[in-house]
Every structure is written in C-alpha cells, then in structure tokens.
Amino acid sequence: MKKWPYLLALAIIFIGINLFLLEKKDSKVAQLHFVPKWDMVKKESLVQSFSSNGVVIPSETHHVYIDKEAGFNQFLVKEGDVVETGTPLFEYSTSTIEKQQKLLDAEIERLEKEIESIDASIQNLEAMLSSAETDEKASEQKDDQIQVVPKTASYSIKLEINDKELTKEKLEQRIDQYNDQKSGYNDEASNLTIVSDTAGIVKKVAYDLNNPVITIVSSQPIIQGYLSEQQQSKVKSGMQTLTTTHLIKGKMKGVIEKVGTTPKNDPDVDKQSVYPYEIALDKPNPKLQVGYHVKSNIITKEIKDAKVIQKNSVVHQKNKEFIWSLDHGQVKKKEIQKGLQVDKNQQIKDGANIGDLYITNPHQIKKPGEFITSLKITKIDKQAIKTVGLKSSVKYILIGLLQK
C-alpha cells in the first residue's frame, strides 16, 4: 500500500494548524523566540594590564675611590671580574701606611696637648667655684639678708666646667679612633689592601687613577622603562609584572619596585611627560644580560574566579544593565551589576550565577517569552526514530503543536 496519500494528508494538517495558530489572537506562537546562539556564565580570572618597553640595567652601581695623596701600588681586579664582599680591589704601598701613621701620631699629640690645656682650665675654674660658693654662703648669713655676691656666679662656673669636660671627652674619643686606625695599619704585613664592600661585576677600572677608580655594578638585573602620564596614574609599587624578550624563551615574573613621581624630561606645555619605573624580577633568567631590550606586561588589576559573560550580551536600558537569560524554556530579563571589563569579557558582580545560560545576541529579543533553538540533526538518535510508527509520529507532532 502506498504511503504518499497519508503523508500528503499529514502535511496539509500540519500547515493548516500552523496557519490557525499564527492567525489566532494572543497566540503563544507569536511569543516564541528563536535562539540560534547562547552561552553560559563562566568562572574565569580577569587580568587588566598594559605592555611597556624597557631595558635591562644593573640594580645598583657602586664607586670605589682612591686617596690620590697616598702611594698607589697596584690594581687586583680587571674589568669583567666577578667580585664578592671582601674581594681585594687594589692596594696602597707600605710607604703610604707609614705616612698615614705619622699623620695620626701628629694628630694624637696635638689632641693630647689640647686636653692638657683643658685640664688646666678646669682646675682654675674649680678653684673659682670653691671661692664663689664660700662668698655666697657668707652672704646668706648676714643679718640684713643683703646678698653681696649673686648666687648665679657659682652656677655659671659649673656650666663652664661641664662644657670643658664635654669637650675633653670628645677629644679623647677622637684619640681612641686614631689609635684604632693605627692598629689597623699595623695589622697589614706589607701593603694596605682595599676590599670590596659589595658583590657584583667590575664594570670599569680607571688605570689613570682618576676617581672613581673602580665601578662595580650589581649582578642582579632590573628592568627600567618609562610610563606616559595616563599610565603613571594607574601604576603603583607592588604590582605584578610579566617580562619577555625575543632573545630568551619564557616569561619572567616580577614586581614594580619604583614609580617615578617626577618626569624624565623637563615639563613642557607642548610635550607629554614620561615617568621612569623599575621592575625587580623574582628569578631572572641566567641568560638575561644588561642592555637587553624587553617588553613587560604590567598588571594593574586582577580578579580571580570572576563571573564572566560576553561583553556584547549586556543590554543597556534606563541607566540599568541586564541580560536575556534562558531558564526552563523561558527567555527572562535578568538585571545585573557589572564589574571589570577586559577585552570582550565582562565581569558580573551580581545578578547571575556560574552556569546560567544567556543569549549572546540580545538585540533580537524584545520581550520575555518561550524560546526554541536550532535542530541539531547530528544529535538525533536515528535508531530511536525507526522504532516509532507512523501513527505515533503523527500523534507526537499534534501534541507538540496543540500543547498549550
């Protein structure tokens, strides 16, 4: 038996019912929304940053000076040498030590004579104090109670004695310091060796003995760059950074250590000001060299586990923002509170939860209602369809069309 008459009749019934529903007043079919695309509220980390060019420089520079009056013997390091704290840098000759010792002896002798003079002055002042105190006491014992000698006389003498004793104490301290220096010179066997007080790399040695004779730079590199006026207002010490260079693979984490408050260039009405900044790297790559040009991403804001949707899915209406959500077969308007926006991602502070479904193209929706989506042919279970008979198929189609 041919099935085409039944199929034709089924098609006519299908078309007729749809025409009836479309023309019917207040028909629910008119409120159906076709939703081709939607997405889910996701949990992501949002990072707001900008990139800035920079260059690798040493974190510190130390200069070593020489006493030109002293007798220089020889340098003990050369340019490029790695030095530690205590590494010998250069040495003076023995004659210099002897000369310094004689100078110290002369200064000590001068100070000792000055102390002797002060001791003599103190003795005289103490004699004057004793006499003044005797006169003041006798004056107080007179019957008419008229003080012949003012009481302030002894007080002034005491102040002067104290001042002399303080000066003497300072001179004795200076003598002790000079004696300590003499002891240090005596400890040197033949030459007075000057050692480094820092660790780093010898950048320069001035063989002509022009100060500074040695320049030591730190082996710990930092990144230096410049910020525009707008960028400088956003950057603060402590912000995280990621630095890269085309010469080395990988990213190097760091932190903003310094942000300049005065511009590099002289302020000019017709020119934008730029401000220096420095980045301290957590673990510098051993291959990173001073002078390398790098690019650093400065993270100005970071929110972990943020609720994120697509920026274009937000609808603005009467100073409010909302999204069209999909909830149990219904398109619903859901008011939200926006947060940080990064590129095409928009944070939601309030109004939606992780896993909520929403329409990514909201401008096709005018009002709430039911919705339908595209038929996914590839997801239909063909084996299950074969088990459904013709009568059952017609039944299910009619139920789907007529169900209110």
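What share of the 404 residues in the chain is buried?

1. **Overall make-up.** Buried residues account for 29% of the 404 residues. The model is predicted. The chain holds 6 helices and 21 strands. Its exposed area is about 27300 Å². Carbon and sulfur atoms supply 51% of that area.

2. **Contact range.** Take the contacts between residues at least 6 apart in sequence. Of these, 73% join residues at least 24 apart.

3. **Salt bridges, overall.** Side chains of opposite charge can pair when their charged atoms come close. The count here comes to 9 salt bridges. Three of the pairs are taken up below, along with one network.

4. **Arginine 174 and glutamate 107.** These two side chains form a salt bridge, with an N to O distance of 3.4 Å. Arginine 174 sits in helix 3, and glutamate 107 in helix 2 (residues 94-140). The partners are 67 residues apart, so the pair links distant parts of the chain. Arginine 174 counts as partly exposed because its relative accessibility is 33%, and partly exposed covers the range between 20% and 50%.

5. **The network around that pair.** Which residues are linked with Arg174 in a network of salt bridges? They are Glu107, Arg110 and Glu114. The pair from the previous point, arginine 174 and glutamate 107, thus belongs to this network.

6. **Lysine 168 and aspartate 119.** A second salt bridge joins these side chains at 2.9 Å, N to O. Lysine 168 is in helix 3 and aspartate 119 is in helix 2. They are 49 residues apart, and this pair also links distant parts of the chain. Both partners are partly exposed: lysine 168 has a relative accessible area of 22%, and aspartate 119 has a relative accessibility of 26%.

7. **Aspartate 356 and lysine 334.** Here the side chains meet in a salt bridge at 3.5 Å, N to O. Aspartate 356 lies in the loop between strand 19 (345-350) and strand 20, while lysine 334 belongs to strand 18 (residues 330-342). The pair therefore ties together parts that are 22 residues apart in sequence. Lysine 334 is partly exposed, at 26% relative accessible area.

8. **A negative patch.** Glu169, Glu172, Asp176 and Asp180 form a negative surface patch. Glutamate 169, one of its members, is found in helix 3 (residues 152-187). Its relative accessibility is 43%, so glutamate 169 counts as partly exposed. Patch membership requires over 30% relative accessible area and no salt bridge.

9. **Threonine 360.** This residue lies in the loop between strand 20 (357-359) and strand 21 (369-373). Is threonine 360 buried or exposed? It is buried, because its relative accessibility is 15% and the cut-off is under 20%. Neighbours within four places in sequence aside, threonine 360 is in contact with Lys37, Trp38, Asp39, Gln310, Asn312 and Ser313.

10. **Proline 362.** The loop between strand 20 and strand 21 also holds proline 362. At 2% relative accessibility, proline 362 counts as buried. With neighbours within four places again left aside, its contacts are Asn312, Ser313, Val315 and Trp324. Asn312 and Ser313 also appear among the contacts of threonine 360. Proline 362 and asparagine 312 are 50 residues apart in sequence. In space their C-alpha atoms are 8.1 Å apart.

How values were computed. Residues numbered from 1 in each chain as written. Predicted model: local features only at pLDDT ≥ 70, side-chain atom pairs only at ≥ 80, totals over all residues. Heavy atoms only, no water. Patch = residues over 30% accessible without salt bridge, like charges linked within 9 Å, V, L, I, M, F, W, Y side chains within 5 Å. Areas by Shrake-Rupley, 256 points an atom, 1.4 Å probe, with all protein chains shown as cover. Salt bridge = Lys/Arg side-chain N within 4 Å of Asp/Glu carboxyl O. Lys, Arg positive; Asp, Glu negative; His and termini not counted. Charge placed at Lys NZ, Arg CZ, Asp CG, Glu CD. Helix = DSSP H or I, 4+ residues; strand = E, 2+ residues; numbered from the N terminus. Buried < 20%, exposed > 50% of the residue type's maximum accessible area, 1.4 Å probe, protein only. Contact = heavy atoms within 4.5 Å.
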